[in-house]
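Reader: I am in my first year and should like a close look at a single part of this model. Please choose one sheet, describe it with what packs on it, and then place it in the rest of the chain.

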Amino acid sequence: MKNRITVKRKTTETSIEVVIEKGELKPDYRKYIKTPLPFLNHMIEHIAWRASLNISIDMDFDEFELCHLVCEDVGMTLGKAVGEYININSPSGYGFATGIIDEACADAAISFEDRSQLTFQKSINYCENVEGMPSEELITFLEGFAQGARCTLFIDLKSGQNGHHIWEAVFRGVGIALGQALSFDSSREGLTSGVAGKVEYEVSAE
């Protein structure tokens, strides 16, 4: 079993290195989550805490330190790292959970089947900005994660009034569901999340 995965992603706009390591959280785990967006760091912290997944993120920019670039590119790179962990280790590959804090509640379900899809449903309205960043960019992060991991991620935001609590409930749910997906069940050794098994392609070009 390979517990530590490193992914580097480079474009003309950003350079990112993400390292994930499954297992007991380091006492200073949160100091390794380093994006320019404190609230995004806090949300990723919830994924790390709930999934028992040490996450290290380092990021540099060519010129423009844009919120959208941070959320999209970090989401895709972290998703790629998690997807590689799934491919290499073949854990259960799926999970579902409810994240709650005070008045806020959100359901999350995740399945790794080499298919990229984020479905975000909400029964309430939430504020456009929270803790200094647009709420829509938190969805951008989750979309990027699903794309990078090639997973299906379903979120149902059920209740909440405080913007911080709302997103914390969402990311708690995602973290718990991801922790289940990364867990091992000896009775399912060698199996995949879906009955189709591993997806294989053969491509030729002339």
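Author: Two strands are said to pair if DSSP finds at least two bridges between them. The strands themselves are DSSP runs of E with at least two residues, and helices are runs of H or I with at least four, both numbered from the N terminus. The model is predicted, with local features requiring pLDDT of at least 70 and side-chain atom pairs pLDDT 80 or more, whereas totals for chains, interfaces and linings use all residues. Residues are numbered from 1 along each chain as its sequence is written, and side-chain values use heavy atoms, without hydrogens and water.

The part chosen is the open sheet of four strands, whose order is β4-β5-β9-β6 and whose pairing is mixed. Its edges are β4 (94-101) and β6 (117-122); each has a single partner strand, so one side of each is left without a neighbour in the sheet. From one strand to the next, the twist averages 10°; the axes behind such angles are lines fitted to C-alpha atoms, for helices over the stretch in contact, and the angles run from 0 to 180 degrees between N-to-C directions. Within this sheet, strand β5 (residues 104-112) and strand β9 (residues 151-159) run antiparallel and are joined by eight bridges. One of these bridges links Ala106 to Leu157 in β9.

Helix α3 packs on this sheet, where it touches β5, β6 and β9, and its direction makes about 150° with that of β6. The helix covers residues 135-149, and its 15 residues should span 21 Å at 1.5 Å a residue; the end C-alpha atoms are 22 Å apart, which agrees. (The expected span is 1.5 Å times one less than the number of residues.) Most of α3 is covered, since twelve of its 15 residues are buried, a term that means under 20% relative accessible area, with exposed meaning over 50% and partly exposed in between (1.4 Å probe, protein chains only). Among the buried residues of α3 are Leu138, Ile139, Phe141, Leu142 and Phe145, together with Glu137 and Thr140. Just after the helix, Arg150 takes a positive phi of about 50°.

Some of these names return in the largest nonpolar core. Such a core is a set of buried Ala, Val, Leu, Ile, Met, Phe, Trp, Tyr and Cys residues joined through side-chain atoms within 4.5 Å. This one has 60 residues, and those touching the most other members are Ile20, Phe141, Trp167 and Leu178. Helix α4 (residues 163-181) gives the most to this core, with nine residues. Leu178 is in contact (heavy atoms within 4.5 Å) with Ile47, Ala51, Leu53, Val82, Ile110, Phe112 and Phe145, its neighbours within four places in sequence being left aside.

A second sheet offers a parallel description. It is open and has three strands, in the order β1-β2-β3, with antiparallel pairing. Here β1 (4-10) and β3 (53-61) stand at the edges, and each has a single partner strand, so one side of each lacks a neighbour in the sheet. Neighbouring strands of this sheet are turned by 10° against each other on average, direction ignored. β1 and β2 form a hairpin with three residues between them, and seven bridges join this antiparallel pair. In that pairing, Thr6 stands opposite Val19 in β2. Strand β2 (residues 14-22) also runs antiparallel to β3, to which nine bridges join it; Glu21, for instance, has Asn54 in β3 as its bridge partner. Helix α1 (residues 38-51) lies across β2 and β3, running at about 155° to β3.

The whole chain, finally, has four helices and nine strands, which follow the pattern β-β-α-β-α-β-β-β-β-β-α-β-α along the sequence. Its radius of gyration is 17 Å, close to the 17 Å that the globule rule gives for 206 residues, so the chain is as compact as a globular protein of that length. (This radius is taken over C-alpha atoms, and the rule is 2.2 Å times the number of residues to the power 0.38.) The C-alpha atoms fill a box of roughly 45 × 40 × 40 Å along the principal axes. Buried residues make up 49% of the 206 residues. Of the contacts with a separation of 6 or more, 78% come from residues 24 or more positions apart.
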